Amino acid sequence: MISNLEELKEKIDIVEVIGRFVPLKKDGVNYTCCCPFHEEKTPSFKVNPNKQIYHCFACGVGGDAIKFVQEYKRLNFQEAVQEVADLLGLELKQAGNNAIAEYFAVNAKVNDICLENLRNAPQVVKYLKNRGLSEADFEVFDIGYIPQDLARHFSLEEINKLIEIGLLYRNSNGSLFVPLHDRISFAIRNFTHKIVGFSARTHPYCNFKNSAKYINSKQSRIFHKSQLLYGISFAKRHIASSKECYVVEGFIDVIAMHKLGFKNTIATCGTAFNTQHLSAINRVCDGVRIHLCFDKDAAGEKASLKGAQMLFFQGFLDSFVAKVNAKCKDLGELLEIGTPPTFKKTAIPQYYIEESLNNLQSAKEKDNFLNDIKTHINAQKNFFQKTLLMDTLRELGIPFVSQKSVRAQENYHDLTPLALLKSCMQDENVLNLCINYLEPIEFGRFKDDFIALFRNSAKTELLQKISIDENIKPLEFKDVRFGIFEIKQRFLKWQLQQAKFKGDIEAMLRLNQTLMQLKTIKPF
């Protein structure tokens, strides 16, 4: 029996809980995403933080945070309550309940022992140094060496916890066995920098014949492999400041990227990049741009396509597949020679469509795929994303005309500068972007209103009106760059029309060239 269930419910933030599993996006007072309970390509799933409920307007599912976890993870009510409590770091008051903090403490002690034990393994230290790591890195990134006699450092109560989380195993004769012994250990920390488990790697100085290269801690109350991101507690500050995140394959790759200057890098813990990982990144900041940077081998190519597919349908179009330009297998090789990576980046829409077509064999398969893509584009409600997808098809030589989107574009033109001005009023970061990339004259008849914002002077009559006009929605941060691009393009077209009217051939040639150059630059 849970004695503090009502207290727990009062502390639950439904956006926080559901956002751990699916990538929620702000939509007015609500949050939205594609429903995780049925297949759909345009979001119908809404989360209301005021009422603390969710509802899908397509399939009809709904409920509170506990109900969501219960249905999403196929748990009974008691299990779902425990899961929510564990996710939020809250303690349930019931008989036999072990405080989460005790598991964190045991893992921290294991990590200290492994760090100390690494000093007694000179060959392994030399191996790691040859990979480009230093002794200082061992401490910073929690790299250790798992001893065979791990159990002797712990009390009986602690041993029971180590058995529970899979770092010890009790044989049928009662003796204790360390399944990860003699491996290099990487401590895995959660969002709040608590150690929730370990991944253990082979090396050349022990016989690991027929054994997996990496073995992770087993699933437990604090270790959920499919949700964890290695390096997230280090990277989150840099992700928030840059609004960019690199996703790589392995732990060494993460460390390599951090040491080579890309501190906004994380990796999954032995599972494919999924919506729960995307949700974890999305929690750091809105409008984050993902760079998938996997190995160049067949497995890496497959992971890139699968990740691109997810980002495509989740609406993270302002993201890339990034391939290292150097002739190396992975980022770890660059660390060995100390060379910072440079990347060839392909936008997610182009990569997903082009690579999918390359992987399909028959003309019928390709036609079906393109029909699905066109249906997805037609269903888009976001004007900027719809335009970007249409442009991507055209760049790939695939004809696509949507009269609906043409009409939407005609209506949206007058709203774009107003929406951008409203965004500037509400977010100083947006105002700074506009100041950096736009001249007041490019706002046309709204020039004086932009200047008033720029100078932080009193609001003009128009600014006062749009600040209270609910029909004018501020742009999501990820759409701001598209709005800037649209305004700049419209101003150049207006200048071109004026040059044609005056017969100014020199200006026409110059403006045509500028427009052509602008079209080749993605508004990212």
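Sheet, cores and cavities in a predicted model

Biologist: In this predicted model, in what order do the five strands of the open sheet lie, and how do they pair?
Modeller: The open sheet is built from five strands, and their order is β1-β2-β3-β4-β5. The edge strands, β1 (25–27) and β5 (62–63), each pair on one side only. The pairing in the sheet is antiparallel.

Biologist: Which residue of β4 is the bridge partner of Phe 45?
Modeller: Strand β3 covers residues 45–48 and strand β4 covers residues 53–56. These two strands run antiparallel and are joined by four bridges. For Phe 45, the bridge partner in β4 is Cys 56.

Biologist: Which helix gives the largest share of the largest nonpolar core?
Modeller: That core has 65 residues, and Phe 273, Ile 290 and Leu 420 touch the most other members. The largest share is six residues, and the helix that provides them is α12 (residues 298–313).

Biologist: What is Leu 420 in contact with, leaving aside neighbours within four places in sequence?
Modeller: Leu 420 is one of the residues that touch the most other members of the largest core. Its contacts beyond those neighbours include Val 430, Cys 434, Leu 438 and Phe 443. The others are Leu 475, Val 480, Gly 483, Ile 484 and Ile 487.

Biologist: How many residues are in the second, separate core?
Modeller: Among the members of this second core are Tyr 127, Ile 146, Leu 150 and Phe 223. The core is separate, and its count of residues is 61.

Biologist: Is Ser 356 buried or exposed?
Modeller: Ser 356 sits in helix α14 (residues 348–359). Not counting residues up to four places away in sequence, Ser 356 touches Leu 305, Tyr 351 and Phe 369. The cut-off for buried is under 20% relative accessible area. Ser 356 has 9% relative accessibility and therefore counts as buried.

Biologist: How much space lies in the largest cavity?
Modeller: The structure holds four cavities of 30 Å³ or more. The space in the largest cavity is about 90 Å³.

Biologist: Which helix gives the most to the lining of the largest cavity?
Modeller: The lining has 13 residues, and those closest to the centre of the cavity are Gly 315, Phe 316, Leu 317, Asp 318 and Lys 478. Two helices, α16 (383–395) and α22 (477–502), each supply at least two lining residues. With three residues, the helix that gives the most is α22.

Biologist: How many residues of the lining of the largest cavity are charged?
Modeller: By class, this lining has five nonpolar and four polar residues. Its charged residues number four.

Technical notes. Residues are numbered from 1 along each chain as its sequence is written. This is a predicted model: local features need pLDDT of at least 70, side-chain atom pairs count only at pLDDT 80 or more; totals for chains, interfaces and linings use all residues. Side-chain values use heavy atoms; hydrogens and water are left out. A nonpolar core is a set of buried Ala, Val, Leu, Ile, Met, Phe, Trp, Tyr and Cys residues joined through side-chain atoms within 4.5 Å. Buried means under 20% relative accessible area, exposed over 50%, partly exposed in between (1.4 Å probe, protein chains only). Contact means heavy atoms within 4.5 Å. On a 1 Å grid over the protein atoms alone, a cavity is a set of points where a 1.4 Å probe fits but cannot get out, and a pocket is an open set with protein on both sides within 12 Å along at least five of seven lines; lining residues have an atom within 4 Å of a point. Grid points are joined across faces, edges and corners, and a volume is the space filled by probe spheres set on the points. Ala, Val, Leu, Ile, Met, Phe, Trp, Tyr, Cys and Pro count as nonpolar, Asp, Glu, Lys and Arg as charged, and the others, Gly among them, as polar. Two strands pair if DSSP finds at least two bridges between them.
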